[in-house]
Amino acid sequence: CGFNPKTDITYIPCSGLTGAFLKDRPDSSDQGGWYTGPCFIEYIDNELSTISRDYNGPVRCIIHDKFSEMGTIVIGKMESGCVTKGQSLVVMPNRSVVQVMQVWSDEVEVDRVVAGDSVRFKLKGVEESDVQAGFIICSPDALCSVSKVFDAELLILDHKSIIAPGYSCVMHIQSAIEEVTVKNVICTIDKKTGDKKKARFVKQDEKAILRFESQDAFCLEKFSTLPQLGRFTLRDEGKTIAIGKVVKVVETAQ
């Protein structure tokens with residue numbers, strides 16, 4: 001999964017029955033004198049690296065769900081930027097211009113939310129039926145990419161057959177679920193050296209760059225631009241067959 005066991009993983013003994021090492025150390029030395037490291041909460045507060053958030057970037061809010069209650073309410077996650085009550089934004093990919101009438105963060109009504117917050121917005125200018133999970137709320141002057149054709153680097157995890165042009169599967173990217181088809185196998189990548197070579201197909205445990213095409217245009221970004229909108233999984237026949245990231249948006253839908 002990309003974690004380095006020597007630098008990225010910490011083992012902390014904890015007891016759900018007694019609470020030992022969750023917040024406080026046991027009073028009796030025989031119950032925990034052998035462990036001298038931090039408690040779980042202590043580790044989270046003091047030693048866990050913080051997640052970088054782009055508060056000053058363009059607004060990117062992934063819509064997870066929606067419902068109608070005296071107006072259109074959307075539920076989502078702020079991935080970039082900040083939103084204030086009364087602000088005008090755009091819902092992509094249908095380019096609906098909306099105004100934020102009310103804002104909630106963790107069920108509490110507020111005037112402003114920032115990247116990292118789980119939010120609810122009451123929107124004016126769009127009907128509940130015109131909003132779907134996977135749509136993105138964006139800044140009017142910095143819209144997210146919308147495309148049907150894109151290149152992606154992926155690792156095949158579990159697929160007994162080969163993957164070649166014409167192969168179709170289901171992509172899960174942010175909250176969107178799209179059926180995609182392989183247009184072309186650009187190259188395979190040696191996992192040890194990073195060397196690339198041309199190939200006609202890819203198989204299990206291989207790393208490759210493929211060009212995909214979807215039936216409908218949807219919101220996505222290059223992984224290097226915004227990882228939350230650029231990472232995805234591929235599923236087929238009820239199992240996850242690959243994980244990947246978008247490396248190039250080939251055609252931008254107008």
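This is a short tour of a predicted model, with selections to make at each stop.

**Stop 1: a patch on the surface**

Select Leu 22, Phe 40, Ile 41, Ile 44 and Leu 48. Together they make a nonpolar surface patch of about 390 Å². Now pick out Phe 40 alone. Phe 40 sits in helix H1, which covers residues 40-46. Is Phe 40 buried or partly exposed? Its relative accessibility is 37%, so Phe 40 counts as partly exposed.

**Stop 2: the largest core**

In soluble globular proteins, nonpolar side chains tend to be buried together. Go inside to see a case. Select Phe 150, Ile 163, Met 171, Ile 173, Leu 210, Phe 212 and Leu 234. These residues have the most contacts inside the largest nonpolar core, which has 25 residues. Next, colour the strands that give two or more residues to this core: E10 (145-156), E11 (168-173), E12 (176-189), E14 (207-220), E15 (231-236) and E16 (239-252). Which of them gives the most? It is E14, with 5 residues.

Stay here and centre on Leu 210. Leave aside its neighbours within four places in sequence, and Leu 210 still is in contact with a list of residues that includes Phe 150, Ile 163, Val 182, Ile 186 and Val 202. Polar names appear on that list too, among them Asp 151 and Asn 184.

**Stop 3: a second core and Val 103**

Move to a second, separate core of 19 residues. Val 113, Val 126, Phe 135 and Ile 137 are included in it. Keep Val 113 selected and add Val 103. Val 103 lies in strand E5, residues 96-105. With a relative accessible area of 0%, Val 103 is buried. Val 103 and Val 113 are 10 residues apart along the chain, and their C-alpha atoms are separated by 7.6 Å. Val 113 is also in contact with Val 103. Other contacts of Val 103, again leaving aside neighbours within four places in sequence, include Thr 84, Lys 85, Arg 120 and Phe 121.

**Stop 4: the cysteines**

A disulfide is a covalent bond between the sulfur atoms of two cysteines. How many disulfides does a search of the whole structure find? The count is 0. Select Cys 82 and Cys 61. Cys 61 holds the closest cysteine sulfur to that of Cys 82, but the two are 12 Å apart, so they are too far for a bond. Cys 82 counts as partly exposed because its relative accessibility is 24%.

Finish with Cys 219 and Cys 144. Their sulfurs are 3.8 Å apart, and Cys 219 is in no disulfide. The cut-off is 2.5 Å, so this pair does not qualify. At 2% relative accessibility, Cys 219 counts as buried.

How values were computed. Residues numbered from 1 in each chain as written. Predicted model: local features only at pLDDT ≥ 70, side-chain atom pairs only at ≥ 80, totals over all residues. Heavy atoms only, no water. Patch = residues over 30% accessible without salt bridge, like charges linked within 9 Å, V, L, I, M, F, W, Y side chains within 5 Å. Areas by Shrake-Rupley, 256 points an atom, 1.4 Å probe, with all protein chains shown as cover. Salt bridge = Lys/Arg side-chain N within 4 Å of Asp/Glu carboxyl O. Helix = DSSP H or I, 4+ residues; strand = E, 2+ residues; numbered from the N terminus. Buried < 20%, exposed > 50% of the residue type's maximum accessible area, 1.4 Å probe, protein only. Core = buried A, V, L, I, M, F, W, Y, C linked by side-chain atoms within 4.5 Å. Contact = heavy atoms within 4.5 Å.
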